[in-house]
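Hi everyone, thanks for coming. Have the sequence and the 3D view open while I talk, and stop me whenever a word is unfamiliar.

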Amino acid sequence: MENCLFCKIIAGEIPASKMYEDENMLIFKDIDPKAKNHYLCVPKSHFKLLADMTEEQSEMLKACFKKIPELQKELGLENGYRLVINQGEDAGQTVFHLHIHILSGQKMGWTPA
């Protein structure tokens with residue numbers, strides 16, 4: 001997408017602290033971390049919501065979920081981690097390209113709104 005921040009990062013037009021990249025995804029450090037370790041896993045195909053994804057995009061997302069645990073050591077996930085996918089504005093989604101927040105490196109509580 002032309003004005004999508006994450007599409008521009010994937011294309012190399014905007015710099016990011018890349019941690020991992022392959023044909024399906026890019027994982028980079030979040031610039032506004034909410035935990036000691038906070039990464040974003042971004043599928044390389046643009047879609048906003050889970051409800052919007054095609055079959056091909058669902059396979060790409062599946063590859064993301066399979067790869068994250070394989071990167072435990074590189075991402076500092078050994079003691080546990082949290083994955084978050086915000087869906088829509090009310091959920092806190094601010095970049096409308098589906099992405100997975102990977103949070104780790106500290107004990108996390110749970111405070112529902």
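**A walk through the sheet**

Let's begin with one pair of residues: Asn37 stands opposite Ser104 in S5. Before going on, a word on the source: this is a predicted model, where local features need pLDDT of at least 70 and side-chain atom pairs count only at pLDDT 80 or more, while totals for chains, interfaces and linings use all residues. Residues are numbered from 1 along each chain as its sequence is written, and side-chain values use heavy atoms, with hydrogens and water left out.

Now the overall plan. The chain has 3 helices and 5 strands; helices (H or I, at least four residues) and strands (E, at least two) are DSSP runs, numbered from the N terminus. Following the sequence, you meet them in the pattern α-β-β-β-α-α-β-β.

How are the strands arranged? The 5 strands form an open sheet in the order S1-S2-S3-S5-S4, with antiparallel pairing. At the edges are strand S1 (18-21) and strand S4 (81-84), each pairing on one side only. From one strand to the next, the twist averages 20°; here axes are lines fitted to C-alpha atoms, for helices over the stretch in contact, and angles run from 0 to 180 degrees between N-to-C directions. Two strands pair if DSSP finds at least two bridges between them. As a reminder, strands of a sheet pair through backbone hydrogen bonds, either parallel or antiparallel.

Let's go across the sheet. S1 and S2 are joined by 3 bridges and run antiparallel. They make a hairpin with 3 residues between them, and Glu21 has Leu26 in S2 as its bridge partner. Strand S3 (residues 37-43) is joined to S5 by 5 bridges, again antiparallel. S4 and strand S5 (residues 100-104) pair over 4 bridges, and one partnership links Arg82 with Leu103 in S5.

Stay with S5 for a moment. Is S5 mostly covered or uncovered? Mostly covered: 5 of its 5 residues are buried, where buried means under 20% relative accessible area, exposed over 50%, and partly exposed in between (1.4 Å probe, protein chains only). In a regular strand the side chains alternate between the two faces of the sheet. In S5, Ile100, Ile102 and Ser104 point one way, and His101 and Leu103 the other.

Next, please find Ile27 in strand S2 (residues 25-29). Ile27 counts as buried because its relative accessibility is 0%. Beyond its neighbours within four places in sequence, Ile27 is in contact (heavy atoms within 4.5 Å) with residues including Tyr20, Tyr39, Leu71 and Ile102.

Strand S2 also holds one half of an aromatic pair. The structure has 1 such pair: rings of Phe, Tyr and Trp (its six-membered ring) pair if their centres lie within 6.5 Å, with planes under 30 degrees apart counted as stacked, over 60 as edge-to-face and the rest as tilted. Phe6 and Phe28 are edge-to-face, 5.7 Å centre to centre with 70° between the planes. Phe6 sits in helix H1 (residues 5-10) and Phe28 in strand S2, 22 residues apart, so the pair links distant parts of the chain. Both rings belong to buried residues, Phe6 and Phe28.

Finally, step back to the whole chain. Buried residues make up 39% of its 113 residues, and its C-alpha trace spans about 35 × 30 × 25 Å along the principal axes. That's my tour, so over to you for questions.
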